[in-house]
Amino acid sequence: MDTPRVGIPDRLARDMTMAEQHEYLRGRFTRRGLLRASAVTAGAVAGTGLLGAGAPAAFAGGGGTARPLSPTLITTPATARVDGSLVAPFGRHLAFGADPRTQMRISWQVPFAVKRPFVRVGLKPWDLSRRIPAEVRTLHTPPLSKKLPAVDQVYLHAALDGLAPGQTYYYGVGHDGFDPADTRHFATVGTFATAPERSERFVFTAFGDQGVSYHALANDQLILGQNPVFHLHAGDICYADDSGSGKPTDVYDARTWDQFLAQTETVASRVPWMVTTGNHDMEAWYSPNGYGGQSARWTLPDNGFDARNSPGVYSFVYGNVGVVALDANDVSYEITANTGYSDGRQTRWLDRRLRELRERRDVDFIVVFFHHCAFSTTNGHASDGGVRDLWVPLFEKHQVDLVINGHNHVYERTDAIKRGKVAKRVPIGESVDSSRDGIVYVTAGGAGKSLYDFPVPDSYEGHVKDVDSVASYHWAKGRVKAKETVEWSRVRYTGYSFLAVEAEPGRHPRLTVTALAESGARVDRFEVTRSGAEKEQHSTVTRPAREDVDDRSR
């Protein structure tokens, strides 16, 4: 893919932040340029200008309303008319609200502007009696490269609150001319389930670095076979930006998002697909921190330190497991375009949230997921010293039970680590007490993109080749590769794979963590327990009284 000539001296371009790149792109693609680009774009959207703070975003199709996602997000309203009966929704994906027992968010896409988009919800597939208006978020991308066209996309979102815990719901998405309650569209009806009132055994899955490929499809189908209640995607979602270097020369093909959401729909339309942000997900055009595109395409829990500008930072509790999503671009020493953008607010929020979760009686385990690795030995990215310096001490302080990363396109799993060293060896099939022995870190970056390699042989179930140490490196301040020799690399697998984690509550709670290759073969398995966690089965914390399904925004 060719890259634009940015007209910026290399010595300046190397150190430009996302915010500086956003300002540059805004100046480069003027209003006149946007109009010219839109005139030759196939589709129903024509260019307008800048959506400033407080300015309404009109939607010509009527119905839902679009809200500004950041003070400088550039959008365009739909102006053409297309018969709604000819427009089929696609790319459905679910996400929890902050409370998975009572909240679900449904998102989807349409190729053209439509009138009055909505979601229908009911307890039976033939009785979708509740109709909820959808929110419209339009997104315009100019031709960032000579080989790329301007692209206009329309994303639709509905927030369901006041749901009943432990309930299966049926839903369909539509608009004027396309009603999922119509028998002609019955095949488009999907399902989702809310978290139960009391903790029960459940399975969730996780990986990072998927993109669009046959390997990605293979992993998706295997994930469905695990019957997970949610899925964690640890950044680098679709690779519209195939460079991911965070530089002004990065370009992104917005159409790749269409491909990805269509590919993932078979899983994400029934399993909440909980994402966070990787380096390939920073897209400077849309907003100063590069996350305006993500805000348009996803609706995630809004309980992080800054939901408007950092959508990939949030938390939720499902059963006896607290989950925390982080944006490691904020602390990375390797890829620095967004390093420090939160001015420490994310790290302070993390400290508070981990403390709150650890104090909850209904939470046995805390799982944290984000993109850049604290501990990995690949020849690709290895370990990020920024994560080690700022976050690992907090993980140890609050006794986090499992950390899941992507970034390195392999599977790698550590022994139990404390203060950067092995506190307990954890061979395949063994158990670790996270409150006593330390934290196991898992790199699950083999979701679908091209694979990396290790400086030593693979070692996985059925193919164990232990080594005493691995010569590797970590990224230090100043983008310096600091060499190190480590002893914590226990399992290494150069192949496409994902994690399946079974959580069991009760007097002796445990997490059983399994890594599966895209063939279905098991490559790793270990258990996480907590001493002193034996307890009577307890109910979850008190929550507000139940309400019927409504259309309140998140």
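On the surface of this predicted model, Val82, Leu86 and Phe112 together make a nonpolar patch of about 260 Å². One of these residues, valine 82, sits in the loop between α3 (31-39) and β1 (90-96), and because its relative accessible area is 31%, valine 82 counts as partly exposed.

From this loop we can move on to the strands β1 and β2. Strands of a sheet pair through backbone hydrogen bonds, and they may do so in a parallel or an antiparallel way. Here β1 and β2 pair in the antiparallel sense over 5 bridges, and within this pairing histidine 93 has serine 107 of β2 as its bridge partner. Strand β2 (residues 104-110) is also joined by 7 bridges to strand β6 (residues 151-160), and these two strands run antiparallel; in this case tryptophan 108 has leucine 156 of β6 as its bridge partner. Of the 7 residues of β2, 7 are buried, so the strand is largely enclosed by the rest of the structure. Met104, Ile106, Trp108 and Val110 point one way from β2, while Arg105, Ser107 and Gln109 point the other way, and all of them are buried.

Another buried residue is found in the loop between β7 (168-174) and β8 (190-193), namely phenylalanine 178, which counts as buried because its relative accessibility is 6%, under the 20% limit. Leaving aside neighbours within four places in sequence, phenylalanine 178 is in contact with several residues, among them Gly84, Val87, Phe118 and His185. The C-alpha atom of phenylalanine 178 is separated by 10.0 Å from that of lysine 115, although the two residues are 63 residues apart along the chain.

A further part of the model is an open sheet of 7 strands with mixed pairing, in the order β11-β10-β9-β25-β26-β27-β20. The strands β11 (273-275) and β20 (431-433) stand at its edges, each with a single partner strand, so one side of each is left without a neighbour in the sheet. From one strand to the next, the twist averages 25 degrees. At one end of this order, strand β10 (residues 231-233) and β11 run parallel and are joined by 3 bridges, with histidine 231 standing opposite tryptophan 273 in β11.

The last topic is charge. Side chains of opposite charge can pair when their charged atoms come close, and in this model the count comes to 28 salt bridges. One of them is formed by the side chains of arginine 92 and glutamate 265, at 2.8 Å from N to O, and this pair links distant parts of the chain, since arginine 92 lies in strand β1 and glutamate 265 in helix α5 (residues 255-268), 173 residues apart. Both partners are buried, arginine 92 with a relative accessible area of 14% and glutamate 265 at 16% relative accessibility.

Arginine 131 forms a salt bridge with aspartate 176, their closest N and O atoms being 4.0 Å apart. Arginine 131 lies in strand β4 (residues 130-133) and aspartate 176 in the loop between β7 and β8, so the pair ties together parts that are 45 residues apart in sequence. In a third example, arginine 201 and glutamate 502 meet through their side chains at 2.4 Å, N to O; because arginine 201 is in the loop between β8 and β9 (202-207) and glutamate 502 is in strand β25 (residues 497-504), this salt bridge ties together parts that are 301 residues apart in sequence. Finally, Lys424, Asp433, Arg436 and Asp437 are joined into one network by salt bridges that share partners.

Terms used. Residues numbered from 1 in each chain as written. Predicted model: local features only at pLDDT ≥ 70, side-chain atom pairs only at ≥ 80, totals over all residues. Heavy atoms only, no water. Patch = residues over 30% accessible without salt bridge, like charges linked within 9 Å, V, L, I, M, F, W, Y side chains within 5 Å. Areas by Shrake-Rupley, 256 points an atom, 1.4 Å probe, with all protein chains shown as cover. Helix = DSSP H or I, 4+ residues; strand = E, 2+ residues; numbered from the N terminus. Buried < 20%, exposed > 50% of the residue type's maximum accessible area, 1.4 Å probe, protein only. Pairing = 2+ DSSP bridges. Axes fitted to C-alpha atoms, helices over the stretch in contact; angles between N-to-C directions. Contact = heavy atoms within 4.5 Å.
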